[in-house]
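Colleague: Could you take me through one part of this model up close, and then connect it to the rest of the chain? I'm happy with a long answer.

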Amino acid sequence: MKKTCYVTTPIYYASGNVHIGNSYSTIVCDCFARYNRLKGNDTFFLTGMDEHGLKIEETAKKQGLTPQQLVDKVAESTKELWKKLNITNDDFIRTSEERHVKVVQQIFEKLLANGDIYLGKYEGDYCVSCEAYFTKTQLGEGDTCPDCGKPTRKIQEESYFLNLKKYSDRLLDFIEKNPNFIQPESRRNEVVSFIKQGLEDLCVSRTSFKWGIPVLSNPKHVIYVWIDALSNYITALGYGSENDELYKKFWLNGDEVVHVVGKDILRFHAIYWPIMLMALDIPIKYKLYVHGWFLMKEGKMSKSTGNIVYPMDVVNRYGLDALRYYLIREMPLGNDSIFSYERFIDKYNTDLANDLGNLISRTVAMINKYFGGQVVKPNKNYFSYDSQLEETLELTINKYNDYFSNFRFQNGINEIWNLISRTNKYIDETAPWVLAKDESQKESLNCVMYHLFESIRNINIMISPIMPDASEKISEYLGTNLTKFEDLGYGKTVASKVIEKADVLFKRLDAIKELEYQKEEALKKMVKPNDFKDEITIDDFQKVDLRVGEVISAEKMEKSDKLLILKVNVSGEIRQIVSGIADFYSPEEMVGKKVVVVANLKPIKLRGYDSQGMILAASSSKKSLEVLEVEKENSNAKVG
Ligand code: ME8
């Protein structure tokens, strides 16, 4: 039976560019939305921007913009990015839009009138980056934020509070009665134990900054981001406005509502949001799917450290479907995953170029060679392998549906790829090239081709939510329009004519070359002009051991245009330092220079060469660079 499905991403902070990590939330939701549409479900897919708060106010100031100008700019570039990533959202909500602001103000007043919000005083340690207060026990060393590690500030202000305590038993009861409310189970357990420790009432307004939605009855307060942000899921549907059909259809009377969030915003969605809904007397309709984080090998991906991958860099080099595939395949629900180009390239070559790509090109080539491109349904099977393949196919479809309906995309993809392997094995088992030599085997050869065709056609339907572009091309190669959900299953094709020659869908990558390219790109990204880093303390700075070093020899690294290998005398120690300055300095020019060296940088290997430090250089663009030099001091000098 067809049902309605409402799926939402978190709304992203409009303080900077969206990276691979937060793009994941959107791509995975898009996959779910596309899967539901494929099934014929009436689907509404929402994403948007979280545009208020101190961080945005401060970022705008740094950039010489008004907060509104900043959020307008970021919203436009994010919309653009979603278009490029083939995201099929039905709406894009921005929390600075009037349709949202007005309703949030009403929500706040309603909660106030019911006594669920009260006025009190708040003093606490506040992290500007995370827009959150932390208790003393939560703080890291030196009163730093437990989430991002940055220093917190002590803030005292008159604030409104949302009465959470009042609802905590009701919420526990709800979670108990709805075991699927929070998934995976580990996250549900985390929430239950957090509630059982006792909830503190939540501070829901601020007087310390201006960039937010003013409280109607007391405008010196702005509504603190979470009441504002969480409400987007219903304001976008028209809740509280005259035009609330979508709200009625997809929320009140809807069949399935799914919020997808990263683990860091679990509490907000599993505790504060349901309590807000209870207080507003709105049914809690949603299921919460909590995903982990994409990390870099070096740790958390972060805009401020530059330890970051941007989606368009990957798309421009390897194509969109490869990125979508990799992200969805690599992230199991609930756990973290590491983004690495080594793994990306490996999965690309193995899964996409070899397993899937080859299966398609081989099959299309054989159908052309043996039957002039014509596929015709056989009257019967000839080999035991035929029915085995059919069985695997039917089983895969069932498992795929089970997994995809329950947001277990990684498991679902594994099933599809098992079928791809089974189909590749079927080619080896039936050895069509042998059958082709024997005219009397014409029928059985046709039967083999048909099985291959049907298997690919089904695989193609199943991968369409993940890789929409490739899927469209594959349908074209197969000459089929049996691409809908109801077309899943073996034997639906009566006849078809495949394309004469299928283009290579995923061209094999030269792994070594690609990795070198990515390393060089990463080096380039280390230069970030006009981009002040986050504030540090003198203690932070003193961790860096800067020394004068005298370059005693220099040579170009083989097969690299950019790298020089320097031998540098640092306080009597001869260090080998690999430096990306070859575009600007010849080895000869470097010898004899007294440069500034970061002497306690953890040694790394660059293209197989040890690098025991870094030399400092100034650069205002990719086209210019100047190494910092010292005139009089010698290589025993410290810098600081
Ligand atoms: O939290 N890997 O916005 P946001 C995977 N405005 N997911 C990641 C990630 C990574 N490396 N980094 C971030 C906010 N995310 C709020 C949401 S909703 C009412 C308000 C995910 O831009 C993160 O877990 O900081 C979160 O789900 C989403 O990106 C948005 O992050």
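Modeller: Let's start at valine 504, which sits in the loop that runs between β18 (495-497) and α19 (511-525). Keep in mind that this is a predicted model. Valine 504 has a relative accessible area of 62%, so it counts as exposed. If you want a partner far off in sequence to orient yourself, take asparagine 368: valine 504 is 136 residues from it along the chain, and the two C-alpha atoms are 16 Å apart in space.

Stay in that loop and go on to aspartate 510, which is also placed between β18 and α19. Aspartate 510 comes out at 44% relative accessible area, and because exposed would need over 50%, it is called partly exposed. Its distant reference point is asparagine 349, 161 residues away in sequence but 9.0 Å away in space, C-alpha to C-alpha.

Now for the charge around here. Asp469, Glu472, Glu476 and Asp503 make up a negative surface patch. One of these, glutamate 476, belongs to helix α18, which covers residues 468-478. With 54% relative accessible area, glutamate 476 is past the 50% cut-off and therefore exposed.

There is a nonpolar patch to look at as well. Ile536, Ile538 and Phe541 form it, and it covers about 300 Å² of surface. Phenylalanine 541 is in helix α20, residues 538-542. Its relative accessibility is 37%, so phenylalanine 541 is partly exposed.

For the opposite case, try arginine 206 in strand β9, residues 205-206. Is arginine 206 buried or exposed? Its relative accessible area is 1%, so arginine 206 is buried. What is it in contact with, once neighbours within four places in sequence are left aside? The list for arginine 206 is Tyr126, Tyr133, Glu157, Lys220, His221, Val222 and Tyr224.

On to the charge pairs. Side chains of opposite charge can pair when their charged atoms come close. Searching the whole structure turns up 40 salt bridges. One to click on is arginine 324 with aspartate 30, where the side chains meet at 2.7 Å, N to O. Arginine 324 is in helix α12 (residues 320-330) and aspartate 30 is in helix α1 (residues 20-38), so this pair ties together parts of the chain 294 residues apart in sequence. Both arginine 324 and aspartate 30 are buried.

Compare that with the bridge from arginine 99 to aspartate 91, whose closest N and O atoms are 2.9 Å apart. Here the two ends fall into separate classes: arginine 99, at 31% relative accessibility, is partly exposed, while aspartate 91, at 17%, is buried. The cut-off for buried is under 20%, which is why aspartate 91 gets that label.

A further pair is lysine 165 and aspartate 201, with their side chains in a salt bridge at 3.7 Å, N to O. This bridge links distant parts of the chain, 36 residues apart: lysine 165 is in the loop between β6 (153-162) and α5 (168-177), and aspartate 201 is in the loop between α6 (185-196) and β8 (202-203). Aspartate 201 has a relative accessible area of 14%, so it is buried. Elsewhere, Lys3, Glu256 and Lys287 are joined into one network by salt bridges that share partners.

Finally, zoom out to the chain as a whole. It has 21 helices and 28 strands, and its C-alpha atoms fill a box of roughly 90 × 80 × 40 Å along the principal axes. Of the 640 residues, 54% are buried. Among contacts with a separation of 6 or more, 74% are between residues 24 or more positions apart. The accessible surface is about 29,400 Å², with 49% of it belonging to carbon and sulfur atoms. As for charge, there are 85 positive and 90 negative side chains, and the centres of the two sets lie 1 Å apart.

Terms used
Residues are numbered from 1 along each chain as its sequence is written. This is a predicted model: local features need pLDDT of at least 70, side-chain atom pairs count only at pLDDT 80 or more; totals for chains, interfaces and linings use all residues. Side-chain values use heavy atoms; hydrogens and water are left out. Helices (H or I, at least four residues) and strands (E, at least two) are DSSP runs, numbered from the N terminus. Buried means under 20% relative accessible area, exposed over 50%, partly exposed in between (1.4 Å probe, protein chains only). Contact means heavy atoms within 4.5 Å. Accessible areas come from the Shrake-Rupley method with a 1.4 Å probe; for residues, only the protein chains shown count as cover. Lys and Arg count as positive and Asp and Glu as negative; His and the chain ends are not counted. The place of a charge is taken as NZ of Lys, CZ of Arg, CG of Asp or CD of Glu. Patches are made of residues with over 30% relative accessible area and no salt bridge: like charges are joined within 9 Å, nonpolar side chains (Val, Leu, Ile, Met, Phe, Trp, Tyr) within 5 Å. A salt bridge is a side-chain nitrogen of Lys or Arg within 4 Å of a carboxyl oxygen of Asp or Glu.
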